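Biologist: Please take a close look at one part of this model. Then tell me how it sits within the rest.

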Amino acid sequence: MSQNRPSALIIGADPYLIRACLRNDIDPVVVYGPGLHDWGFIEIPQGVEKVFTEDTSSVESVLFSLHRAGLADRAFSCIHTGDEMALVTVAALAKVLDISVAVEADVAVRFRDKWLQKQVLTEAGIEVAKSQVIEDVHHPDRSEVQEFGKAVLKPIAGAGTKNTSVVEGTAGLNAKGAEYRRSGMPQRTFVLEEFMPGDEWIVDGVVFDGVLQFFSVSTYGEPCLSTVEFSRALQVEVFDPTADAGAYELARSVAEPALRALGLNRGVFHMELFHQQESGKLVFGECAARTGGLLQPELVEAKFGVDLAVAAIRCASGVDPQIKPSVRPETVGSTYLNNRPGVLVGYPSPAEVRALPGVEYLRLELPYGFQMADALASTTEAVGQVVLSGATREEFRSRRDSLAQWFDERLVVVPAHATYPELREWQRQQWPETVSAFGTYSDD
Ligand SMILES: Nc1ncnc2c1ncn2[C@@H]1O[C@H](COP(=O)(O)OP(=O)(O)O)[C@@H](O)[C@H]1O
Ligand SMILES: [Mg+2]
């Protein structure tokens with residue numbers, strides 16, 4: 001630790017938060033979990049103080065680790081996390097360790113529990129999907145469940161569209177409950193929500209002293225649920241605050257009262273809404289009190305020159321982030337570079353991808369040898385992700401689509417469930433010079 005420099009306690013090895021500290025002359029102390037060792041992709045930079053803990057979402061685990069490392073009494077300028085699962089833990093730790101935090105425990109709870117969140121908004125007169133709690137999805141209590149039509153069943157505090165599905169009526173709920181019981185689904189408390197049609201919009205932004213200081217509005221190419229259901233590439237396009245001023249006005253009209261009702265006084269947020277094209281209505285979907293996943297931080301930086309993680313750290317320390325966006329007129333967006341079921345054995349080099357028109361940022365995440373299951377299980381699975389830009393929306397979309405197709409054509413995946421004859425044929429097509437026949441009856 002440097003003398004006289006502030007030090008921030010960061011729970012989870014979030015590269016954006018670590019970089020934000022380093023950009024702001026703050027010494028981060030990073031409490032990281034086993035995922036870092038298990039996955040081996042993210043690194044904590046040399047010189048950054050780090051502490052291992054078994055479970056970053058457990059108060060007990062983090063406190064053990066801090067005490068073992070002799071850090072429990074250090075005067076941190078703030079405690080913060082970018083990890084959805086650690087939000088309430090961090091709020092509790094802030095209380096125990098008496099450290100400044102962006103989101104206090106009671107507010108954190110409203111940002112985590114999807115049912116409580118909708119209750120608060122309903123009470124504030126904000127339109128949301130009707131929602132009921134299924135306390136134990138292995139054993140849904142039939143007497144408690146009101147009859148319903150098409151609905152979405154999802155973990156009460158999940159993320160990444162994991163274990164999220166559409167169910168029809170109580171028969172559908174019972175069938176899903178039985179499936180989860182058989183498969184040993186570890187999550188038990190779910191919410192059942194009225195199905196909201198519409199495209200999905202995203203608002204990423206910053207609140208300070210109760211004022212919505214900055215926000216970016218973007219839209220998913222298609223809703224996350226169908227993206228996962230049909231194993232498609234997740235895509236996002238950022239709206240332009242001038243050309244799409246109407247979208248920004250509409251988003252503000254829902255986001256501002258929703259954030260006020262939820263009590264976010266300071267901090268960053270990632271909100272999802274359903275845009276109903278016929279009525280033009282925008283209906284609140286959910287809101288997290290952290291920066292968005294996917295490449296949302298890169299997209300906001302590319303379009304607005306704003307580092308949301310820097311804003312997050314400032315908010316956590318009680319300092320006005322004083323955001324000064326500088327907007328680029330180009331269309332900016334992202335696409336996943338999807339995998340295929342089977343064993344991944346090849347993809348283009350980062351240099352080749354970066355050389356394609358409009359590519360501004362690239363992340364290739366999966367190592368060769370990675371085995372993909374038959375279907376996507378969440379919105380976090382892809383070979384890589386890329387941010388692109390184009391002078392117009394059309395140019396951006398055509399660059400994005402041709403890049404995704406170009407990458408897919410060069411992706412080499414040993415097909416799942418292939419028989420040996422099928423694998424031989426696949427090898428012959430990929431690498432004809434490596435195939436040799438059983439030569440006993442011929443001279444070759
Ligand atoms: N009530 C709903 N109506 C329609 N689609 C929904 C509803 N709730 C969730 N979804 C779909 O499921 C996805 C994941 O649900 P969400 O509440 O955003 O949880 P998380 O992102 O934490 O997994 C959403 O992005 C959306 O596509
Ligand atoms: Mg979501």
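Modeller: Start at ligand 1, where one of its oxygen atoms lies 3.0 Å from a backbone N or O atom of L225. The coordinates are a predicted model: local features need pLDDT of at least 70, side-chain atom pairs count only at pLDDT 80 or more, and totals for chains, interfaces and linings use all residues. Residues are numbered from 1 along each chain as its sequence is written, chains are lettered from A and ligands numbered from 1 in the order in which they are written, and side-chain values use heavy atoms, leaving out hydrogens and water.

Two glutamates also reach the ligand. The side chain of E272 places an N or O atom 2.9 Å from an oxygen atom of ligand 1. For E193, a side-chain N or O atom is 2.9 Å from a nitrogen atom of ligand 1. In total, 20 residues surround ligand 1, each with a heavy atom within 4 Å. The closest are K114, K154, T161, M196 and E200.

Now the wider frame. An automatic or database assignment divides the protein chain into domain 1 (7-101), domain 2 (130-194), domain 3 (197-329) and domain 4 (337-444). The centres of domain 1 and domain 3, over C-alpha atoms, are 25 Å apart. Their contact (heavy atoms within 4.5 Å) takes 18 residues from domain 1 and 17 from domain 3. Together they bury about 1400 Å², 55% of it on carbon and sulfur atoms. That is the accessible area (1.4 Å probe) lost on putting the two parts together, summed over both.

Charges cross this interface. There are 5 salt bridges between domain 1 and domain 3, each a side-chain nitrogen of Lys or Arg within 4 Å of a carboxyl oxygen of Asp or Glu. R290 and E84 form a salt bridge at 2.6 Å, N to O. Polar contacts join 7 residue pairs across the interface, both residues at pLDDT 80 or more. Such a contact is a pair of N or O atoms within 3.5 Å; within protein, one must be able to donate a hydrogen and the other to accept it, and sequence neighbours count only if both atoms are side-chain atoms. On the side of domain 1 that touches domain 3, α1 (15-23) and β4 (78-81) each supply at least two residues. The largest share there, 6 residues, comes from α1.

How values were computed. Helices (H or I, at least four residues) and strands (E, at least two) are DSSP runs, numbered from the N terminus.
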